[in-house]
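User: Please take a close look at one part of this model, the nonpolar patch on its surface, and then set that part against the rest of the chain.

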Amino acid sequence: MVRLFNKENIVHIKNLVGFWMKIQDLFTYVVEFNNPGKTPCVYAMWHENQFAVHGLPNRRNVNVLISNSMDGEIVAHAVHLLGYQTCRGSSKRKGAVSGTLKMISKLKNGEDIAIMVDGPQGPLHKVKSGAIVLAREANVPIIPVHWYSEDITFVRFPSWDKMTSPVGPCRLLNIYGDPIYTEGKSDEQVADELKASLQELARIAPEKYKEAKKRKLWKNWKRQLV
């Protein structure tokens, strides 16, 4: 079977995806609801909502966890172009330990981490331990993140994670859960709390989006400078 991405075409694909992401960023209008403003923190989202990083504040202070795969190389290039930092790592790949230590160091240095808690290959909506380990070791909260839009340009792709992305001008709502702390809790308890929070955000997102639309929050929207 021929791989879509290989060493011969990776540079061209990186440049193409990066160019598209930069253009799309100009037409991605994100407002926030209930951002607790905690920093440093671990922003946690489902893999399907990975592009919710578009709306995270202070991009230069956010490190997005991306796998060491060739596919991840493409994503990392685009993420850098958008003004974020990246951390490369995967629990099943070489360098996982050093990657984790690097992320913990960044958190202790006051920087934030954004992680897709059921990635990079699923199972869908199963919270893995990565975000919990980072939060526990760095003694920082986990902030659940979900995003939502009713615009027709908010597209769901037929991928394993049912990835969502704006394709064209799109009004989006980044909605945040209450901070989750690990102290005094088992990993299983934190995972259950995080999953419940993400599910609750998905449930209330349509209502909060309608409220934001009624208040015309996108009318005076201004892109955050990075």
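Analyst: F19, I23, L26 and F27 together make a nonpolar surface patch of about 390 Å². Such patches are made of residues with over 30% relative accessible area and no salt bridge (a side-chain nitrogen of Lys or Arg within 4 Å of a carboxyl oxygen of Asp or Glu); like charges are joined within 9 Å, and nonpolar side chains (Val, Leu, Ile, Met, Phe, Trp, Tyr) within 5 Å. Accessible areas come from the Shrake-Rupley method with a 1.4 Å probe, and for residues only the protein chains shown count as cover.

The model is a predicted one, in which local features need pLDDT of at least 70 and side-chain atom pairs count only at pLDDT 80 or more, whereas totals for chains, interfaces and linings use all residues. Residues are numbered from 1 along each chain as its sequence is written, and side-chain values use heavy atoms, with hydrogens and water left out.

Within the patch, F19 belongs to helix α1, which covers residues 10-25; helices (H or I, at least four residues) and strands (E, at least two) are DSSP runs numbered from the N terminus. F19 has a relative accessibility of 57% and therefore counts as exposed, given that exposed means over 50% relative accessible area, buried under 20% and partly exposed in between (1.4 Å probe, protein chains only).

As for the rest of the chain, 48% of its 226 residues are buried, and of its accessible surface of about 12,100 Å², 56% belongs to carbon and sulfur atoms. The chain has five helices and nine strands, which follow one another along the sequence as α-β-β-β-α-β-α-β-α-β-β-β-β-α.

Aromatic residues also occur in buried positions, and the structure holds four aromatic pairs, where rings of Phe, Tyr and Trp (its six-membered ring) pair if their centres lie within 6.5 Å, and planes under 30 degrees apart count as stacked, over 60 as edge-to-face and the rest as tilted. The ring centres of W147 and F154 are 5.7 Å apart and their planes stand at 80°, so this pair is edge-to-face; both W147 and F154 are buried. Y209 and W218 form a tilted pair, with 5.0 Å from centre to centre and 45° between the planes, and Y209 and W218 are each buried. Together with Y148, residues Y209 and W218 form one aromatic cluster.
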